[in-house]
Amino acid sequence: FEFFFFFYNRKSAKKKVQKMDKIYLDNAATTPLAEEVIDAMVQVMKVNYGNPSSTHSLGQEAKILIENVRREVADYLHVSPSEIIFTSCGTESNNMIIKSCVNHLGVERIISSPMEHKCVAETVLDMKKRKGVEVVYLRPDHKGDFNLEELQELLKSSEKKTLVSLMHANNEIGNLLDIKKVAQICKENNALFHSDTVQSMAHMELDFSEIPVDFASCSAHKFHGPKGSGFAFVRKSSGLKGIITGGPQERTLRAGTENVCGIVGLGKALELSLKNMAEYSAHIKAIKKYTVEKLSAEIEGIKFNARSAEEDKSLYTVLSLLLPFKDPMIGLKLDMKGIAVSQGSACSSGAAKPSMVMMMILDEEEMQDSTPLRVSFSHLTTKEQIDALVEALKEIAEPFKIEKTNIAHR
Ligand code: PLP
């Protein structure tokens, strides 16, 4: 028996080490929890278990923890604490905003784009199907940019009450929207403006006293906080209502006992992000530059999608590549080499299906002969990890080179 356990423990210890050795380059999907976040959450789980709606001191202590985080978030965004509504995630925040705009604010038309995250795209479609809302899409060019004059013309062309929903930083290619300009255009044309800010929150300064956005969203797990914790920014004057009914929590905008532990985790993660923003962003920008240079030097024919490799036009944590060969199994092959990245395309049935974003920015030939890959960084990413990724990609590319040469000689 002891003999068996000796080997079992050795095996599981080895597994743990292997897990830690994994090269994690999928930080746009989610980020590992910061140690300080775990500690803060454990403290809440052990000590602050009171229900924030209870009037006794245990409840009120939990309530104070929540209100402290609300104040911290509001200070970051330069808004009032009453404009921050804690939710379970980015998806819920975006659902709540879009659905309530239609259900409670009389929105009859939504202008959005084919580049949005599914939680926005599907919600907009749902409002079209169930509520008869008119939906208009702004089409991006091959760089993933929108023509803002077209937006202006669209807004002027209809009397219908309109919501514009355009994301700030694209999760697949990293393109950054000029959120301030779009917000101003919407304001001038009496349209409401929602921006999915899930990828950019806590990674850059966002001053909503300067940017007249009406609604925005956040998810803690994108900046080393816990999954299942996020918030919606809801401009005070908007009159938005919640979609979950019940108790009076979150000023009736989001009923249900608050996730105190998750909210405290979000607060700690935000505190760390803001404290270290200059250092982290400088490190990640340098890593991204290094990745672009190294890949360009080592993999012939590689391209970078949309604005992905342009420092001032893309989110510094995301790099979208286009490999010069077609390999739907690339994600799996890299995973077998211990490297976690995202294929940048939804793969639901085993056969890689290109994502809507890729279909928008790539031409037919690129779609046919190349493979998109998303590499996304955090402050924990090292040059050595990038070297390992480049080596792995070179190995994977090798058989395709031989195949190309053979075809050329035929
Ligand atoms: N919006 C964007 C741009 C995202 O990248 C994500 C997550 O991948 C979401 C929304 C959804 O956030 P959550 O995972 O918190 O539901």
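The largest nonpolar core of this protein has 62 residues, and those with the most contacts inside it are Leu77, Val164, Phe193 and Phe208. Helix 8 (residues 260–275) supplies the largest share of this core, 8 residues. Please keep in mind as you browse that this is a predicted model. The mean pLDDT of the protein chain is 93, with 91% of its residues at 70 or more.

**The cores**

- In soluble globular proteins, nonpolar side chains tend to be buried together.
- A good place to start looking is Val164: leaving aside neighbours within four places in sequence, its contacts include Ile111, Leu151, Leu155 and Val182.
- Val164 also touches Cys186, Ala191, Leu192, Phe193 and His194.
- There is a second, separate core of 30 residues, and among its members are Ile23, Phe304, Ile396 and Phe400.

**Helix 7 and its two sides**

- Helix 7 covers residues 179–188, and its buried residues are Ile179, Val182, Ala183, Ile185 and Cys186.
- These buried residues lie on the same side of helix 7 because they cover an arc of only 160° around the axis.
- An α-helix has 3.6 residues a turn, so residues three or four places apart point the same way.
- Turn to the other side of helix 7 and you will find Lys187 and Glu188, which are exposed.
- The cover over the buried residues of helix 7 includes helix 6 (148–156), strand 5 (162–165) and strand 6 (192–195).
- After helix 7 comes Asn190, with a positive phi near 60°.

**An open sheet**

- Three strands, in the order 9-10-12, make an open sheet with antiparallel pairing.
- Strand 9 (303–304) and strand 12 (371–376) are the edge strands, each pairing on one side only.
- Helix 9 (residues 277–298) packs on this sheet and touches strand 9 and strand 10; the direction of helix 9 makes about 10° with that of strand 10.
- Strand 10 (residues 318–323) and strand 12 run antiparallel and are joined by 6 bridges.
- Leu322 stands opposite Pro372 of strand 12.

**Where to read with care**

- Where pLDDT is low, the predicted coordinates should not be read in detail.
- One stretch with pLDDT below 50 is residues 12–18, which has 0 contacts in the model beyond near neighbours in sequence.
- Residues 345–351 also have pLDDT under 50, and here the model has 8 contacts beyond four places in sequence.

Note on methods: Residues numbered from 1 in each chain as written. Predicted model: local features only at pLDDT ≥ 70, side-chain atom pairs only at ≥ 80, totals over all residues. Heavy atoms only, no water. Pairing = 2+ DSSP bridges. Helix = DSSP H or I, 4+ residues; strand = E, 2+ residues; numbered from the N terminus. Contact = heavy atoms within 4.5 Å. Axes fitted to C-alpha atoms, helices over the stretch in contact; angles between N-to-C directions. pLDDT = per-residue confidence, 0-100. Core = buried A, V, L, I, M, F, W, Y, C linked by side-chain atoms within 4.5 Å. Buried < 20%, exposed > 50% of the residue type's maximum accessible area, 1.4 Å probe, protein only. Arc of directions from axis to C-beta.
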